[in-house]
Amino acid sequence: MQSPDHFQTDFVAAIMDPALATPNHIVDPNGNPTDKRFNVYRNNVISSLLEAMSQAFPIVEKLVGHEFFREMARIYIRNNPPSSPLMMFYGKNFPKFIENFEPAKSVPYLSDIARLEFARRVTYFAGDASPPPKAVLDGVDPEKIAECCFVLRPALNVISSKFPIYDIWKRNFDDKEHPIGKSAQDALITRPYMEVLVQPVPVGTKTFIDLLRIGVSLGVAVERTLEKFSTADISQIIGLTLPHAISIQE
Amino acid sequence: MINLSDNAPVHSYVGIGYKSQYLSNVLTENTDIGWLEIHAENYMIDGGPRKAMMLDLAERYPISCHGVGLSIGSESGINAEHLERLRALMDWLKPSLFSEHLAWSSHNAGYFNDLLPLPYTQDVCARVIHHINQIQDTLGRQMLLENPSTYVAFDNSEMSEIDFIKQITDATGCGLLLDINNVFVSATNQNYNPYDYINEYPLEHVGEIHLGGHDVDEDDNGAPLLIDSHNNPVEDPVWALYEHTIAKTGIRPTLIEWDNDLPEWGVLANEARLAQGVLTKHKGVQDAVA
């Protein structure tokens with residue numbers, strides 16, 4: 001049911017764009033125009049979304065500083081208001097936004113840090129594995145394992161980066177002078193029980209896990225990962241991934 | 001269930017807005033806290049520690065589920081996907097109470113994370129009634145509708161907030177969550193007497209009461225403008241208005257709502273004790289009369 005003057009369309013436009021005038025019909029109790037009262041809503045919306053962004057991306061904020069982060073997040077918010085009331089998942093497009101955000105180009109790994117932070121959050125709220133992962137490899141005919149498809153636990157995500165992304169994240173997360181390597185890293189984010197774990201994994205892990213997730217067999221996943229990353233440590237990748245399998249289809 | 005029988009101890013009617021910071025307090029202390037209220041959207045999750053914790057708490061406390069994202073006044077309708085998430089939450093949480101706001105927060109594909117105001121027109125009233133019917137039908141239960149804190153008025157409003165709310169309860173059979181702080185905030189901001197509001201309010205439908213803190217600002221002309229910030233103790237005039245209300249409604253489940261700048265547990269527990277004090281005093285008067 002639409003009100004004839006599309007009042008809510010005007011209202012949210014004015015909330016998101018401070019250059020727009022206070023919408024029609026909005027008055028103080030004496031019937032006079034009021035900007036300051038309308039600004040309470042502007043302020044509530046923007047400050048609550050800024051707070052949500054700070055909570056979601058604390059390491060990004062730490063890397064660029066509070067003021068820079070707020071300005072960057074403010075621009076993001078104006079162009080990407082939440083699409084759902086589930087605020088814990090707000091900021092999904094922030095990594096992509098950072099990638100194209102010119103003033104942040106001097107911190108080239110920033111978008112990957114944002115990606116890692118968002119993946120931690122998604123992993124935290126992901127479904128519990130049921131039944132819990134156990135030795136699903138037991139009882140599989142070794143001759144046939146390459147033909148098997150593995151279903152991985154929901155609480156498992158992986159990101160890849162051209163940077164030593166785990167090392168950078170870990171140093172800032174722990175606030176300790178951990179050494180930072182020179183090579184690219186993938187980071188595996190899992191929740192084996194109640195706590196979310198982040199670990200550095202070989203390059204190629206993301207490709208491998210993405211392939212298993214779309215339902216290809218182990219053999220095909222290995223083959224295609226090696227096509228893309230000829231030097232990938234495939235046995236280590238398999239060893240890191242399969243303990244997170246919750247079921248197997250031969 | 002939140003026990004509403006005549007012989008339930010008075011303290012069991014007072015709850016707090018639950019935040020995970022208070023987990024060890026509500027698990028280990030002899031708190032006298034009767035029930036917990038949560039924001040529905042925070043628990044629309046598939047699994048993990050937050051859900052496990054809430055399943056555990058729901059074994060120990062009655063839970064009130066307070067939605068903040070249904071956007072009942074939305075011109076673009078109730079989001080069916082969100083309503084379905086709410087139904088799924090109800091299935092595992094089995095809350096004693098369910099409440100939502102007389103406000104809107106979504107428009108088309110966007111969600112604006114605040115409780116935005118509605119003009120009180122016949123058209124808007126019909127829309128809200130339609131949405132509440134849809135919600136109650138989908139959930140298969142009664143909801144409580146919360147009166148808003150408002151900062152602006154509308155020159156196209158056709159009726160008072162109370163007449164608007166009365167039409168809604170008459171048409172939908174929904175109950176009411178009476179937020180006493182919101183009454184005080186709106187009365188100050190809209191320049192009416194909060195006691196007149198309570199005296200005219202359809203109190204017979206009130207299934208829950210909220211108490212919370214507010215901030216003080218001023219408008220373009222220097223008139224006081226109160227902000228419903230939930231980051232302070234309940235103010236004295238709000239306690240007085242609460243006592244006045246309880247004298248009329250009798251004992252009702254009452255929540256201390258503190259969402260921002262969370263205090264030490266002791267501060268929150270003291271607010272709960274103050275509310276228990278008001279209910280105990282009322283019960284004393286009631287018993288003396290009987």
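The questions and answers below concern a predicted model, with attention to chain B and its contact with chain A.

Student: How many residues does each chain give to the contact?
Tutor: The contact draws on both chains. Chain B gives 51 residues, and chain A gives 43 residues.

Student: What area is buried between chain B and chain A, and what percentage of it do carbon and sulfur atoms give?
Tutor: The buried area between the two chains is about 4,100 Å². In chain B, Glu75(B), Tyr111(B) and Phe112(B) lose the most area to chain A, together 17% of what that side buries. As for atom types, carbon and sulfur give 59% of the area buried between the chains.

Student: Which side chains meet in a salt bridge at 3.9 Å, N to O?
Tutor: Two salt bridges are counted between chain B and chain A. The cut-off for a salt bridge is 4 Å between the nitrogen and a carboxyl oxygen, and the 3.9 Å pair joins Asp217(B) with Lys36(A).

Student: Which strand of chain B gives the most to the side that touches chain A?
Tutor: Between the chains there are 21 residue pairs in polar contact, both residues at pLDDT 80 or more. On the side of chain B that touches chain A, the residues divide into 20 nonpolar, 18 polar and 13 charged. The strand that gives the most to this side does so with seven residues; it spans residues 110–116 and is β6 of chain B.

Student: Which residue of chain B stands opposite Val27(A)?
Tutor: Strand β1 of chain A (residues 26–27) pairs with strand β8 of chain B (residues 153–154). The pairing is antiparallel, over two bridges. Opposite Val27(A), in β8(B), stands Ala153(B).

Student: Why does the radius of gyration of chain B agree with that of a compact globule?
Tutor: The secondary structure of chain B comes to nine helices and 13 strands, and its C-alpha atoms fill a box of roughly 50 × 45 × 40 Å along the principal axes. A compact globule with 290 residues would have a radius of gyration near 19 Å, so chain B agrees with its value of 18 Å.

Student: Which residue takes a positive phi in the hairpin of β11(B) and β12(B)?
Tutor: Strands β11 (residues 215–218) and β12 (residues 224–227) of chain B pair in the antiparallel sense over four bridges. One of the bridge pairs sets Asp215(B) against Ile227(B) in β12(B). Five residues lie between the strands of this hairpin, where a positive phi near 85° is taken by Gly222(B).

Methods
Residues are numbered from 1 along each chain as its sequence is written. Chains are lettered from A and ligands numbered from 1 in the order in which they are written. This is a predicted model: local features need pLDDT of at least 70, side-chain atom pairs count only at pLDDT 80 or more; totals for chains, interfaces and linings use all residues. Side-chain values use heavy atoms; hydrogens and water are left out. Contact means heavy atoms within 4.5 Å. Buried area is the accessible area (1.4 Å probe) that two parts lose on being put together, summed over both. A polar contact is a pair of N or O atoms within 3.5 Å; within protein, one must be able to donate a hydrogen and the other to accept it, and residues adjacent in sequence count only if both atoms are side-chain atoms. Ala, Val, Leu, Ile, Met, Phe, Trp, Tyr, Cys and Pro count as nonpolar, Asp, Glu, Lys and Arg as charged, and the others, Gly among them, as polar. Two strands pair if DSSP finds at least two bridges between them. The radius of gyration is taken over C-alpha atoms; the globule rule is 2.2 Å times the number of residues to the power 0.38.
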